[in-house]
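User: Please take a close look at how the strands in this model are arranged and what packs against them. Give the cut-offs behind each term as you go.

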Amino acid sequence: MSLATVPSDFLRRAFHLAEAAGADLSTILEASGIDVATLDNPRARLTPEQVTAFTQAAWQLTDDELFGIGAAPVPRGTFRLICLTLIHRPDLGSALERMADVTRALSVPPLTLIHGPDSTRLEVRVDVRDDEYAPEFVDEAFRLVTDFELILLHRFAAWLVGRRVKLRSVLIPYPEPEPRFAKHYDSIFGVPVTFGAQVASLEFDNAILRAPIIQDERTLAEYLRESPNLLLSERDYDSTATAQVRRVLEMGVRGRTSTADEIAEMLSISVPHLRRLLRQEGTSLNHLREEVLRDAAIAALRRGEPVDELSARLGFSEPSAFRRAFKRWTGATPGAYR
């Protein structure tokens, strides 16, 4: 089970858009171990397994891989069909070219590749239905589909080549959201995101286009069977200092007590260099330690681990200290996550 957690905002928007269109997904929400109060808490986190269970059930209920909010229905199996057309391409560049060709023939947001001397932009033209929603819901649907498409394309490209696809820029064609939500975007894409653009796009170095496709139909079947779990839990095969430190912290029960000296030694760098790298990436060792503890706590509570045992395992001096920390992290008590 992945230790990573997902901000509840994405699922909250999908759920309320479905409600606005007349779909009742409350049963699916309950079966996935999620309640509406958790969705409406801006600091709440969900496990990838919860989001995956909800998404797969919603796909089955709506028979639409965009939950019925795209410009046209996207029948289940469409993404699999697209993948099968490109999985045997030799490298990422030709796979993306094939994907762009296929999207123009299907009822999915079309892709366009724009090549430059040093980098390539992958543009996505998103459209949504405007006949079922009030104007504010049309804007929300556009945001949701745009986010989903960009995250999918970035993470799927990395999965195809089995390595990080480092981005040069990310352009998003809607105004910057509230700061509490905007901060997630830089973390998701690994680069500062620009809002208010003319069109959604990902830009990356041309060198990555030559990366060979290492996946095949067997691994694709496994990927699709678990979808979107890997999309949510994989960190883009990240090799940044942030990702490496987080992996060290996730490795065992010493996640809370590992010192900066120990972590720097494991990464074969000095402590000042480690702190400088993390600062350049907009984070710190303490912040990452808190994130790892929060995600581990949420996952354990979902599995039913008693608070007293969990508190001791994560290195807290007493359960009350753990409860205070958990309330600070999520805005809710540990009992709310059971």
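Analyst: Two strands are said to pair if DSSP finds at least two bridges between them. Strands are DSSP runs of E with at least two residues, helices are runs of H or I with at least four, and both are numbered from the N terminus. The model is predicted, so local features need pLDDT of at least 70 and side-chain atom pairs count only at pLDDT 80 or more, while totals for chains, interfaces and linings use all residues. Residues are numbered from 1 along each chain as its sequence is written, and side-chain values use heavy atoms, with hydrogens and water left out.

The sheet is open and has 5 strands, in the order β3-β4-β7-β5-β6, with mixed pairing. Its edges are β3 and β6 (193-195), each of which pairs on one side only. From one strand to the next, the twist averages 15°; the angles here are taken between N-to-C directions on a scale from 0 to 180 degrees, with axes as lines fitted to C-alpha atoms, for helices over the stretch in contact.

Start at the β3 edge. Strand β3 (residues 111-115) runs antiparallel to β4, and 5 bridges join the two. They make a hairpin, with 3 residues between the strands. Within this pair, L111 has V124 of β4 as its bridge partner. Strand β4 (residues 119-124) is mostly covered, as 5 of its 6 residues are buried; buried means under 20% relative accessible area, exposed over 50%, and partly exposed in between, for a 1.4 Å probe and protein chains only.

On its way across the sheet, β4 also pairs with β7 (residues 200-205), in the antiparallel sense, over 6 bridges. Here L122 is bridged to L202 of β7. Strand β7 is in turn antiparallel to β5, with 4 bridges between them, and L167 stands opposite F204 of β7.

The last pairing runs in the parallel sense: 3 bridges join β5 (residues 167-172) to β6. At this junction L171 stands opposite T194 in β6.

Two helices can be placed against these strands. Helix α8 (residues 179-189) packs on the sheet and touches β5, β6 and β7, its direction making about 135° with that of β6. Helix α6 (residues 92-103) lies across β3, β4 and β7 and runs at about 140° to β3. Contact, in this account, means heavy atoms within 4.5 Å.

A residue beyond the sheet can be located relative to D186. G282 is 96 residues from D186 in sequence, yet the two are 9.3 Å apart in space, C-alpha to C-alpha. G282 is found in the loop between α13 (271-280) and α14 (285-302), and its relative accessibility of 69% makes it count as exposed.

The packing can also be followed through the nonpolar cores, each a set of buried Ala, Val, Leu, Ile, Met, Phe, Trp, Tyr and Cys residues joined through side-chain atoms within 4.5 Å. The largest core has 59 residues, and F156, V170 and F189 touch the most other members. Helix α7 (residues 135-161) gives the most to this core, with 15 residues. Once neighbours within four places in sequence are set aside, V170 is in contact with L150, F189, V191, V193, T194, S201 and L202. T194 and L202 thus recur from the bridges: T194 is opposite L171, and L202 is the partner of L122. Another core, of 18 residues, lies apart from the largest one and includes L293, A300, L314 and F326.

For comparison with the strands, consider helix α9 (residues 217-226), whose buried residues are T219, L220 and Y223. The face of α9 turned away from that buried side carries R218 and R225, which are exposed. In the loop between α14 and α15 (307-313) lies E305. E305 is buried, with a relative accessible area of 17%.
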